[in-house]
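The following pages introduce a protein structure to a reader who meets it here for the first time. Please look over the sequence and the model before reading on.

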Amino acid sequence: MTSYRHHPDRIAALVQDDRVHRDLYLSEEIFALEQERLFANTWVYLGHASQVPEPGDFVAQDIAGRPLLMVRQPDGAVHVMYNRCAHKGTQLVTDECGNTGRFFRCPYHAWTYKLDGAPLGVPLKNGYEGTQLKACESGRGLSVVKHVKVYRDFVFVRLADTGPSFEDYFGEVLGAIDNMVDRSPEGRLTVGGGVLRNIVHCNWKMYLENINDTVHPMSTHESATKAAEALWEGHAPTDPKPMAMEQILPFGSGYEFFDRMGGRVFANGHSVLGVNFSIHSNYAQLPEYETAMRAAHGEERAAEILQRSPQNSVFYPSLSVKGSPQAIRVIRPLAADRTLVEAWSFRAAGAPDLLFERAMSYNRLVFSPMSVVAHDDVHLFESIQQGLRAGGNEWVSLHRNYDPAELAQPTLTTNGTNELLMRNQFRAWARSMVAGMEAAA
């Protein structure tokens, strides 16, 4: 069995210019290294500030095997700390969200902490007199995450002390978050309608690749689109469609449609699919909403926001954003062959309820465990994961539209069916995995 730890050359060799090795999807050692390196060295989405609106509100989330707490402070700021008592390591909260009041209290020995993690009190205080408790880590309170960025209420963390700044890491792709938030005439989104969670028995990179794959819908989702077309048969092209039809029928658009859709890649694995148009571009217009948008943002910016509806924008390695409808997917790896996918909907402040209904409808139709679309993908993800374990060919092809010139262009606009968007993810994966490993080799 190949060993990858301390061998950056072997890790880098898994990603070639136009194909990747199956160990990327199968190796538990590679998965462990990803947790230690990739997800610690990059900026990873934690949650949305609207999930913690009041002081003491918290969200508990695991990032790369580290239990974290996102907490609203009395001054309105959002802090992120490790969900670990400084005494014995007990997790302070086990609920995924809630309100802790004015302080956290460890359920084991009742040590207490302020909302910012500072120590507040310990039982049997006299017993610590003359000891070194205050001088050591256990006496300083909860460990805080130093590198936290709240960008338009989207909360990201970088666990490693060294690495790129938030702005340098994401760069131009942040425009996709701007586009979604600015769909609110008030410039504000709130999470609504709960979350849809799927645990998919496949590697997380496979799921992320599929977000940039426009060739599979015609075959993978043929049954869903054919059923929708049959139900809609006899209607004129100009007939107003029910919301479900408006959202499902475009999945059956041909290869030429998806190719013209266009895509763009950025440094560090990020991408935007659908730079020209997407299956979301032709939702029914809402004149009163558009008037409110022009009043809020001005004629030019409002037109720019409303006319731009990318299919998916990937904030590598953990977040996929849809500006319209206002929805995101969060990819949370659990094991080499197990991935948790969360789908969240957003309400745009000052916008009509119909926009929120579209987000809810889309997530239910496409990403719910009981949707008419997601189960097609899940079936094939699990099939691929099984197939890769078989003998024979050890490589996965990413040759479609490969051009050696792309290697020298970190930002590039291309056709929508180009596997460049996936190659770009894996090149970023290799760079993050081996960065700084040379000295240890």
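The description below moves from the whole protein to two of its sheets, and then to two individual residues.

The model shown here is a predicted one. Its protein contains 15 helices and 20 strands. The radius of gyration is 23 Å, close to the 22 Å that the globule rule gives for 441 residues, so the protein is as compact as a globular protein of that length. Taken along the principal axes, the box filled by the C-alpha atoms is roughly 85 × 55 × 40 Å.

How much of the protein counts as buried? Of its 441 residues, 51% fall into that class. The accessible surface amounts to about 19,700 Å², and carbon and sulfur atoms account for 51% of that area. Contacts across the sequence can be described as well: among contacts with a separation of 6 or more, 67% are made by residues 24 or more positions apart.

The sheets come next. In general, the strands of a sheet pair through backbone hydrogen bonds, in either a parallel or an antiparallel manner. One open sheet of this protein is built from 4 strands in the order E5-E4-E3-E6, and its pairing is antiparallel. Its edges are formed by strand E5, residues 78–82, and strand E6, residues 97–99, each of which pairs on one side only. On average, neighbouring strands of this sheet are turned by 25° against each other, direction ignored. Within the sheet, strand E4, which covers residues 66–72, runs antiparallel to E5 and is joined to it by 5 bridges. To locate this pairing in the model, one may begin at Leu68, whose bridge partner in E5 is Tyr82.

Strand E3 of the same order, E5-E4-E3-E6, spans residues 57–63 and holds Gln61. Is Gln61 buried or exposed? With a relative accessibility of 14%, Gln61 counts as buried, because the limit for that class is under 20% relative accessible area. Leaving aside residues up to four places away in sequence, Gln61 touches Leu46, Arg66, Pro67, Leu68, Arg332 and Glu342. Leu68 in this list is the residue already described as the bridge partner of Tyr82.

A further open sheet consists of 3 strands in the order E2-E11-E10, again with antiparallel pairing. Strand E2 (44–48) and strand E10 (147–151) stand at its edges with a single partner strand each, so one side of each is left without a neighbour in the sheet. Its neighbouring strands are turned by 25° against each other on average, direction ignored. E2 and strand E11, residues 154–158, pair in the antiparallel sense over 4 bridges. Here Val44 stands opposite Val157 in E11.

The final stop is a loop. Between helix H5 (175–181) and strand E12 (189–200) lies the loop that contains Arg183. Arg183 has a relative accessible area of 4% and is buried. Which residues does Arg183 touch, not counting those up to four places away in sequence? They are Tyr289, Met293, Ile305, Leu306, Arg308, Ser309, Gly323, Ser324, Gln326, Ala348 and Ala351. One of them, Ala351, is 168 residues apart from Arg183 in sequence, yet the two are 7.7 Å apart in space, C-alpha to C-alpha. Towards Ile305, the side chain of Arg183 reaches the backbone oxygen at 2.9 Å.

Terms used: Residues are numbered from 1 along each chain as its sequence is written. This is a predicted model: local features need pLDDT of at least 70, side-chain atom pairs count only at pLDDT 80 or more; totals for chains, interfaces and linings use all residues. Side-chain values use heavy atoms; hydrogens and water are left out. Two strands pair if DSSP finds at least two bridges between them. Helices (H or I, at least four residues) and strands (E, at least two) are DSSP runs, numbered from the N terminus. Axes are lines fitted to C-alpha atoms, for helices over the stretch in contact, and angles run from 0 to 180 degrees between N-to-C directions. The radius of gyration is taken over C-alpha atoms; the globule rule is 2.2 Å times the number of residues to the power 0.38. Buried means under 20% relative accessible area, exposed over 50%, partly exposed in between (1.4 Å probe, protein chains only). Contact means heavy atoms within 4.5 Å. Accessible areas come from the Shrake-Rupley method with a 1.4 Å probe; for residues, only the protein chains shown count as cover. A polar contact is a pair of N or O atoms within 3.5 Å; within protein, one must be able to donate a hydrogen and the other to accept it, and residues adjacent in sequence count only if both atoms are side-chain atoms.
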